[in-house]
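Colleague: Could you take me through this model and the reasoning behind its labels? I would like to see each value set against its cut-off.

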Amino acid sequence: MPDTPQPMRELFDRLKALDGRPFNSYKRLLDKTFYHDRYHIRFVHIQGSPGAFPASVCHLGFKIAERGLAGGCLENMPRKMATADYLLRAFRAGVIAHARQNRGVQGSGSFQPLSLPPQVLKRNRVRFNQTDVQIAFHISLPGSHDNRVLGRQAACMFSREMTGIVDTLQASVARIAQLKKHCDVIEDMLVLQNRLTRYGLVAFVGDGAILPRQSGISQDPLKAGAVAFYAPDQMAVNVVFPNAGRVRGLGIRPGVNVLIGGGFHGKSTLLDALVKGVYPHIPGDGREQVVTHPDAAFVCAEAGRAVNGLDISGFIDNLPGGVDTKRFWTTNASGSTSEAAAIIEAVLAGAKLLLIDEDSSATNFLIKDQHLRQLIPEDTITPLFDRVRELDRRFGVSTLIVVGGSSEYLGVAEQVIAMRDYLPVCMTDQVRQLALPEPNRPATPLMMQDQRRVLADNFDPSYRAQRLGKTIAVRIKPLRLQARVLEYGNDQLDLTKLIALVDPDQVLAVGYALFHAGRRFKDAWLSPSDLAGTLYEQIEKKGLESLFQPDDSPLFLACPRRLELAGAINRLRSLRVEIVKAQKNCRSCCHLESRNFHHNR
Ligand code: ADP
Ligand code: MG
């Protein structure tokens, strides 16, 4: 039964009365709501010890204004997503401005700082209607060395500090122009992303964009000395954003695109902006008008990863020791085998644009020059160079590849862009004058079928804690300092190379999607790619909440893409799959094929 809300005074009295009691007495506040004249707080989840991770969860609810949110900021999905993002950033600003933090032991007595990337993601932390907002936040309730409640400190957090946070929030909401701008920018990006195909593009970079970051570890735009992006006339297109209107910029077309240039001229920076350009960016980031096809995948070498029964024979065959690459299993892939696997997995999961940087690739997977072809005829690698056109023609998969040290790819490129002093230059015509190496024609066509089926007993999230001598039923959490490594049951799922995972909440969502798959798809045998697709569609249609069961503790997630869901399933070291017989004459219809398989069983 819902509890009757009580005045905030009552919360302060209770906290003072709890002072000095065992820490878990805080649990008496669970499910209770307390109201102030401008907002209310509800305790949704309460941690058992000071500094425990994840922390306790509260909901903050408040009225926006008599007339509701202005600027049409809840009008459609992109604007709602933008508004939710705006509110979270305002909440964070409030915490930074008003919260004292670390009042107790182990970092307890803190509003857990939200670290939001400059990308805007669909999340489940904020709910609203026209007049009311509810924001879920983590708070670590203050505790003492001897595991006691610090009631007076807690009362301070919920009085002065909370009021300050709400002041900041409400002031942000009142800055209508700023909120509207946030919505406009994000809506523009998402609408153009939907229309890219109509413009005949796989990516767009608006003139004026600031692509470089402050440093290698910063996501903030470079301020001093940043050269604003400007497209060369030969490659410039005009697009129309719903709010910003007509904008000129670089149009990247389907097919094979090569990005060349001297060292340190901004190639990787442009590529990275395109990788992140699958998401909208906040105003001021510099990359607001970088718009990439939503199914773009960055692929790179990842020596040491696991590959589970994947057919990589299109790229790598006849390995020493008779290793079967039609069903390639390894717990320790090499640079080239890992990159081949990454490409096949991405295409199977629906990738339409591959983004590749020679800096992070296995050279022997990208190219093999004519002399080496003659000297080492037994080499078993068909380099990507020989397949890159086929990927486009037969599978509709475009490529943008950065090369600085070899001319091979120029011979197969439809567009050649050079970066010169941080600015793109069109080199397509100049390159046509050159006598360039031609790719070899591989003996067999590339096969793109996922013949693997995920077995029912996968995705066990339980963890045997040797040190404690007990089994923890569910362990799904990103490593604290390595946000793209997920502890999943006994597995450590390393997603470091999935650089389109920009937020730890996405990594956590990947984990809960796997957990959900284990609970729900017990006997529906899908391929890893189809399983990722099914999970993604469910999240899109029914929301992130659909991954939970009613008695799960509250979790705050951000949507991953289908490609990253597939990437995670494919990297799971404990994944168990069975191989089904290949269907003849199937060129590219791996998705159809496995759906049929599923229905015919
Ligand atoms: P490349 O891949 O061509 O070797 P990078 O993209 O790694 O070069 O960029 C080299 C350096 O130049 C980086 O420190 C990057 O931040 C900086 N940089 C990139 N683009 C710009 C730009 N438009 N304006 C100023 N500095 C830039
Ligand atoms: Mg580089």
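Colleague: At what angle do helix α2 and helix α4 pack, and how far apart are their axes?

Modeller: Keep in mind that this is a predicted model. Helix α2 (residues 77-98) packs on helix α4 (residues 176-195) at about 135 degrees, and their axes are 8 Å apart.

Colleague: Why are α2 and α4 called oblique to each other?

Modeller: Roughly perpendicular covers 65 to 115 degrees and roughly antiparallel begins over 145. The angle is about 135 degrees, so α2 and α4 count as oblique. The crossing of α2 past α4 is right-handed.

Colleague: Which residues of α2 and α4 meet?

Modeller: From α2 they include M81, Y86 and R89, and from α4 they include L179, I186 and L190. The contact of α2 with α4 involves eight nonpolar, three polar and six charged residues.

Colleague: What are the protein donors of the magnesium ion (ligand 2)?

Modeller: They are S268, through OG, and D359, through OD, at 2.1 to 2.2 Å from the ion. S268 belongs to helix α5 and D359 to the loop between β16 and α7, 91 residues apart in the chain.

Colleague: What makes S268 partly exposed and D359 exposed?

Modeller: Partly exposed lies between 20% and 50%, and S268 has 28% relative accessibility, so it fits there. D359 has 61%, which is over 50% and therefore exposed.

Colleague: How do you know that α5 is largely enclosed by the rest of the structure?

Modeller: Buried means under 20% relative accessible area. Seven of the ten residues of α5 are buried, so α5 is largely enclosed; among them are L270, L271 and V275.

Note on methods: Residues are numbered from 1 along each chain as its sequence is written. Chains are lettered from A and ligands numbered from 1 in the order in which they are written. This is a predicted model: local features need pLDDT of at least 70, side-chain atom pairs count only at pLDDT 80 or more; totals for chains, interfaces and linings use all residues. Side-chain values use heavy atoms; hydrogens and water are left out. Donors are N, O and S atoms within 2.8 Å of the metal (3.2 Å for Na, K and Ca); water is not among the atoms, so sites may look incomplete. Helices (H or I, at least four residues) and strands (E, at least two) are DSSP runs, numbered from the N terminus. Buried means under 20% relative accessible area, exposed over 50%, partly exposed in between (1.4 Å probe, protein chains only). Axes are lines fitted to C-alpha atoms, for helices over the stretch in contact, and angles run from 0 to 180 degrees between N-to-C directions. Angles under 35 degrees count as roughly parallel, over 145 as roughly antiparallel, 65 to 115 as roughly perpendicular and the rest as oblique. A crossing is left-handed if the near helix is turned anticlockwise from the far one by less than a right angle, and right-handed if clockwise. Contact means heavy atoms within 4.5 Å. Ala, Val, Leu, Ile, Met, Phe, Trp, Tyr, Cys and Pro count as nonpolar, Asp, Glu, Lys and Arg as charged, and the others, Gly among them, as polar.
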